[in-house]
Amino acid sequence: MLVDADGSGRAVAAAAILRSEGAVAEVLEGGFTAWTAGALPTISLAHLPPRHEDGRTWWVTRARPKVDRIACPWLIRRFVDPDARFLFVAPGEVLTVAAQQQAEPFDIADEGVFWSHRGERCTFDVMVEAFGLEKHEPLMRLAAIVRGADTDRLDLVPEAAGLLAISLGLSRIHSDDHAQLDAGMAVYDALYRWCRDAQGEKHNWSSHQPARGKVSA
């Protein structure tokens with residue numbers, strides 16, 4: 001990705017070159033200036049872990065993820081580092097693997113781990129705030145759903161119970177944590193899209209029935 005101040009110049013040329021090589025490339029009209037003027041989310045990199053030689057950030061957490069440990073990778077890949085690598089290990093091995101592989105530990109109870117629960121907030125809440133995304137309303141709506149499902153507070157929002165059910169179902173379907181993460185990405189994509197622009201849409205038996213025309217006498 002090439003960041004261009006106003007969406008002209010280098011971005012236009014770079015996109016044209018990529019398209020000539022068969023890649024999918026688009027230019028954001030107005031560039032970064034238009035993005036910020038539209039109050040669209042931007043990322044704070046203050047807490048971003050160092051990248052490995054492969055250019056990716058590495059993260060490590062407990063195996064057999066349910067809610068937080070799928071939601072957090074989704075947030076990172078969709079808003080922070082699309083190529084982030086995630087390692088799933090036994091709970092007692094998280095900090096050892098973190099030190100050996102220079103991977104950032106998350107969602108584990110340890111005073112030295114930055115990315116973890118704080119009070120009533122889950123790790124997803126902490127990430128949303130630390131990456132400077134707390135003003136992005138769709139993510140805040142999603143955070144309430146994740147928090148409710150992850151901390152047994154199904155009373156917070158109605159959707160929390162549904163997310164918990166889906167998360168537990170995915171963990172039963174997939175014995176491989178990475179396969180479960182891949183399946184969970186689609187779930188959180190859909191939830192985020194609902195939080196962003198589908199809350200007002202209703203659905204029942206009659207809402208999508210074709211209108212019946214009147215026959216004149």
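What follows is a conversation about reading a few features of a predicted model.

Reader: I'm new here. How many helices and strands does the protein have?

Author: Keep in mind that this is a predicted model. The protein has eight helices and three strands. Following the sequence from start to end, you meet them in the pattern α-α-β-α-β-α-β-α-α-α-α.

Reader: Let's take the strands. How should I read a sheet?

Author: Strands of a sheet pair through backbone hydrogen bonds, either parallel or antiparallel. Here three strands make an open sheet, ordered E2-E1-E3, with parallel pairing. Strand E2 (85–89) and strand E3 (104–105) are the edge strands, each pairing on one side only.

Reader: How many bridges join E1 to E2, and over how many do E1 and E3 pair?

Author: E1 and E2 are joined by five bridges, while strand E1, residues 58–62, pairs with E3 over two bridges. You can find individual partners as well: Trp58 is opposite Arg85 in E2, and Trp59 has Glu104 in E3 as its bridge partner.

Reader: Is E1 largely enclosed or open to the outside?

Author: Count its buried residues, where buried means under 20% relative accessible area. In E1, four of the five residues are buried, so the strand is largely enclosed by the rest of the structure. For the protein overall, buried residues are 36% of the 217 residues.

Reader: Which helix lies across E1 and E2?

Author: That's helix H3, residues 68–80, and it runs at about 165° to E2.

Reader: Now a single residue. Is Tyr192 buried or exposed?

Author: Start with where it sits: Tyr192 is in helix H8. With a relative accessible area of 14%, Tyr192 is buried, because the cut-off for buried is under 20%.

Reader: Which residues does Tyr192 touch?

Author: Leaving out residues up to four places away in sequence, Tyr192 touches Trp74, Phe79, His136, Pro138, Leu139 and Leu142. You can also check distances in space: the C-alpha atoms of Tyr192 and Met140 are 9.9 Å apart, although the two residues are 52 apart in sequence.

Reader: And Glu137, is that buried or exposed?

Author: Glu137 is found in helix H6, which covers residues 137–150. Its relative accessibility is 52%, so Glu137 counts as exposed, since exposed means over 50%. Try a distance here too: Glu137 and Cys195 are 58 residues apart along the chain, and 8.2 Å separates their C-alpha atoms.

Reader: What share of contacts joins residues at least 24 apart?

Author: Take the contacts between residues at least 6 apart in sequence: 61% of those join residues at least 24 apart.

Reader: Last topic: empty space inside. How many cavities of 30 Å³ or more does the structure hold?

Author: One. The largest cavity holds about 50 Å³ of space. To read a cavity, look at its lining: here that is Lys66, Ile70, Leu163, Ile166, Ser167, Leu170, Gln180, Gly184, Val187 and Tyr188. Helix H7 (159–173) and helix H8 (177–197) are the elements that give two or more residues to this lining.

Reader: How do the lining residues divide into nonpolar, polar and charged?

Author: Six are nonpolar, three are polar and one is charged. Helix H8 has now turned up in two places, as an element of that lining and as the home of Tyr192.

Notes: Residues are numbered from 1 along each chain as its sequence is written. This is a predicted model: local features need pLDDT of at least 70, side-chain atom pairs count only at pLDDT 80 or more; totals for chains, interfaces and linings use all residues. Side-chain values use heavy atoms; hydrogens and water are left out. On a 1 Å grid over the protein atoms alone, a cavity is a set of points where a 1.4 Å probe fits but cannot get out, and a pocket is an open set with protein on both sides within 12 Å along at least five of seven lines; lining residues have an atom within 4 Å of a point. Grid points are joined across faces, edges and corners, and a volume is the space filled by probe spheres set on the points. Ala, Val, Leu, Ile, Met, Phe, Trp, Tyr, Cys and Pro count as nonpolar, Asp, Glu, Lys and Arg as charged, and the others, Gly among them, as polar. Buried means under 20% relative accessible area, exposed over 50%, partly exposed in between (1.4 Å probe, protein chains only). Two strands pair if DSSP finds at least two bridges between them. Contact means heavy atoms within 4.5 Å. Axes are lines fitted to C-alpha atoms, for helices over the stretch in contact, and angles run from 0 to 180 degrees between N-to-C directions.
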